[in-house]
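Me: Please take a close look at one helix in this model. I would like to see what surrounds that part and how the rest of the structure is arranged.

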Amino acid sequence: MSDREHVNHLTGGVEAWNAWRRANPGVRPDLSGSHIRVRGLAGADLRDADMRGTLLPGADLSGADLSGADLSGADLMETDLRGARLSGADLRGANLMGADLRGADLAGADLEDTVLYRTGLEQSEGVCHSLWLRALMEFADGLREVEGEGRGFEFEEVESAVIESNYPAASTSRIEVELSDPISTRAATEILGALNRLYSAVADQDLPGPIIRIGAHDGEGRR
Amino acid sequence: MNRISFKGTSRIIVDFAERFLELAPVRIEPADEVRERFGRDLERIARALDIELRHLENVTDFLYEHGVPEQEITALCAGDGAGISSLARDAAVLEGFLQDGTIIDVRVG
C-alpha cells in the first residue's frame, strides 16, 4: 500500500512535490495502489517512484520524469505523457490505452503486456524492437476484440498501424499499404506479420528501433 | 480505409516495396554473388520444403543487399533452412494478398 504522506505531498501540487523531492533525495516515493485524483502533474519529479497499480487515468503527466519508476499494473489510460521521461520504467501490465506518448523517452522501458491500444507513440525515442512486436500483437488483439463484439471486422476501432523509425525525415520514406475493406482478422494479421518480419530482418542492422502508433490517422501520419 | 503504413530509411523502404510489394517494374534478380554463395543451399531448401526458389533468392538477396552479415545468412540457410524459409513464406504471403486483391494499393513517398 502507498505511503499516505507521500500521496498527500503529490496531491499538494507539482511545485510542492518537486520541492519535497529535492529536500528528500534519499526517499523513494511510495504511491503504489493509490488513486491519485489530482490531474495536473505536468513536470512532476516521479523518478524511481513505486507506482505499482497506481490509478492515474486522464492525468496530465506531460514532461514528467518517470524514469526508473515502477508503473507495473498502473492505470494510465488517456494520460498525457507527451515528452515524459519513462526510460527504464517498468510498465509491465500497465494500461496505456489512449495515452499520448508523443515525444516520450521509452528507452529501456519494460513494456511486456502493456496495453498500447490506440496509444500515440509518434516521435517517441528509444522504442525497442520488442515493442514493435508487442504493439502488433496488441493491434491484433484489438482486431479480435472488435470481431468478438459481433459487429464483424471492419477496422472500426483500429483503423491502421503506423510503424515508424525515429530517423531524420530527410533520410526516410514511407510505405502505405491500402487493404481491402472489410478485411478478415486473419488476413490483416498475416500481412502485418509478414511486413514486420521481412522488414525487421534487415532493419535490425541499422535502425535504432521502430516506433508504432496505433489508431486512426490520416495519410500524413497525424492523429 | 484500411491502411498500414511504415517508415524507415529510404534505401530499405524503396527496395522493400519493390521486392515484396511488387512496385518494381520487373522482378529483381539476385546478385551473382548471392547465387554463388547461397544458391546451392537455397535450391536444397526449395526442394525439401516445397518453397519457390525465387522467394528464397529474393529474401536472401534482400538481406545481403542491406548488410546482414554473411554468417547470419548462412545460419538462416543452415540445417533445414527454417529461418530463411520462414521469410520466403512471408514474401509469398504478401504476393498472394497482392494477387487476390486484399492488398489494393501500395505507395512509397
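Reply: What follows starts with one short helix and then moves outward. The model is predicted.

Start with helix H4 of chain B, residues 70-77. Which of its residues are buried? They are B:Ile73, B:Leu76 and B:Cys77. Looking down the axis of H4(B), these buried residues fall within an arc of 95 degrees, so they line one face of the helix. There is a general reason to expect such a pattern. An α-helix has 3.6 residues a turn, so residues three or four places apart point the same way.

Now turn to the other side. The face of H4(B) turned away from the buried side carries B:Gln71 and B:Ala75, which are exposed. After the helix comes B:Gly79, with a positive phi near 60 degrees.

What do the buried residues of H4(B) pack against? Their partners are three helices of chain B: H2 (32-49), H3 (53-65) and H5 (82-99).

Take H2 of chain B. B:Arg44 lies in this helix. B:Arg44 has 14 other C-beta atoms within 10 Å, so this residue is partly exposed. In sequence, B:Arg44 and B:Cys77 are 33 residues apart. In space, their C-alpha atoms are 9.6 Å apart. B:Cys77 is one of the buried residues of H4(B).

Next come H3(B) and H5(B). How do they pack? Their axes are 8 Å apart, at an angle of about 105 degrees. The two helices are therefore roughly perpendicular to each other. On the H3(B) side, the residues that meet H5(B) are B:His55, B:Leu56, B:Asn58, B:Val59 and B:Thr60. On the H5(B) side, they are B:Ile84, B:Leu87, B:Ala88, B:Ala91 and B:Ala92.

Step back to the whole of chain B. It has five helices and two strands. Along the sequence, they run β-α-α-α-α-α-β. Of the 109 residues in chain B, 39% are buried. Contacts in chain B between residues at least 6 apart in sequence include many long links: 70% join residues at least 24 apart.

The next step crosses to the other chain. The largest nonpolar core has 39 residues. Those touching the most other members are A:Ile191, A:Leu198, B:Val59, B:Ile84 and B:Leu94. B:Val59 and B:Ile84 also took part in the meeting of H3(B) and H5(B). Several elements each supply at least two residues of this core. From chain A, these are strand S2 (172-179) and helix H4 (185-206). From chain B, they are helix H1 (10-20), H2, H3, H4 and H5. So where does H4(A) stand? H4(A) gives the most, with nine residues. In soluble globular proteins, nonpolar side chains tend to be buried together.

Look at A:Ile191 in more detail. Leaving aside neighbours within four places in sequence, A:Ile191 is in contact with A:Leu179, B:Ile4, B:Leu94, B:Phe97 and B:Ile103. Apart from the largest core lies another, of 31 residues. Among them are A:Leu31, A:Met51, A:Ala84 and A:Leu101.

Chain A deserves its own outline. It has four helices and three strands. Their order along the sequence is α-α-α-β-β-α-β. Buried residues make up 50% of its 223 residues. Among contacts in chain A with a separation of 6 or more, 30% come from residues 24 or more positions apart.

One residue in chain A gives a useful comparison with B:Arg44. A:Arg85 sits in the loop between H2 and helix H3 (129-151) of chain A. Is A:Arg85 buried or exposed? A:Arg85 counts as buried because it has 23 C-beta neighbours inside 10 Å. Beyond four places in sequence, A:Arg85 touches A:Asp65, A:Leu66, A:Ser67 and A:Asp105. A:Arg85 and A:Leu61 are 24 residues apart in sequence, with their C-alpha atoms 9.8 Å apart.

Finally, check the confidence. Chain A averages a pLDDT of 71, and 58% of the residues score at least 70. Among the elements of chain A, helix H2 (residues 14-23) has the highest mean pLDDT, 96. Strand S3 (residues 210-214) has the lowest, 37. Over residues 122-134 of chain A, the pLDDT is below 50. That stretch has 42 contacts in the model beyond near neighbours in sequence. Residues 205-223 of chain A also stay under 50. For them the model has 59 contacts beyond four places in sequence.

Conventions:
Residues are numbered from 1 along each chain as its sequence is written. Chains are lettered from A and ligands numbered from 1 in the order in which they are written. This is a predicted model: local features need pLDDT of at least 70, side-chain atom pairs count only at pLDDT 80 or more; totals for chains, interfaces and linings use all residues. A residue is buried if 20 or more other C-beta atoms lie within 10 Å of its own, exposed if 12 or fewer, and partly exposed in between; C-beta atoms are placed from the backbone. Two residues are in contact if their C-beta atoms, placed from the backbone, lie within 7 Å. The arc is that of the directions from the helix axis to the C-beta atoms. pLDDT is the predictor's confidence in each residue, from 0 to 100. A nonpolar core is a set of buried Ala, Val, Leu, Ile, Met, Phe, Trp, Tyr and Cys residues joined through C-beta atoms within 7 Å. Axes are lines fitted to C-alpha atoms, for helices over the stretch in contact, and angles run from 0 to 180 degrees between N-to-C directions. Angles under 35 degrees count as roughly parallel, over 145 as roughly antiparallel, 65 to 115 as roughly perpendicular and the rest as oblique.
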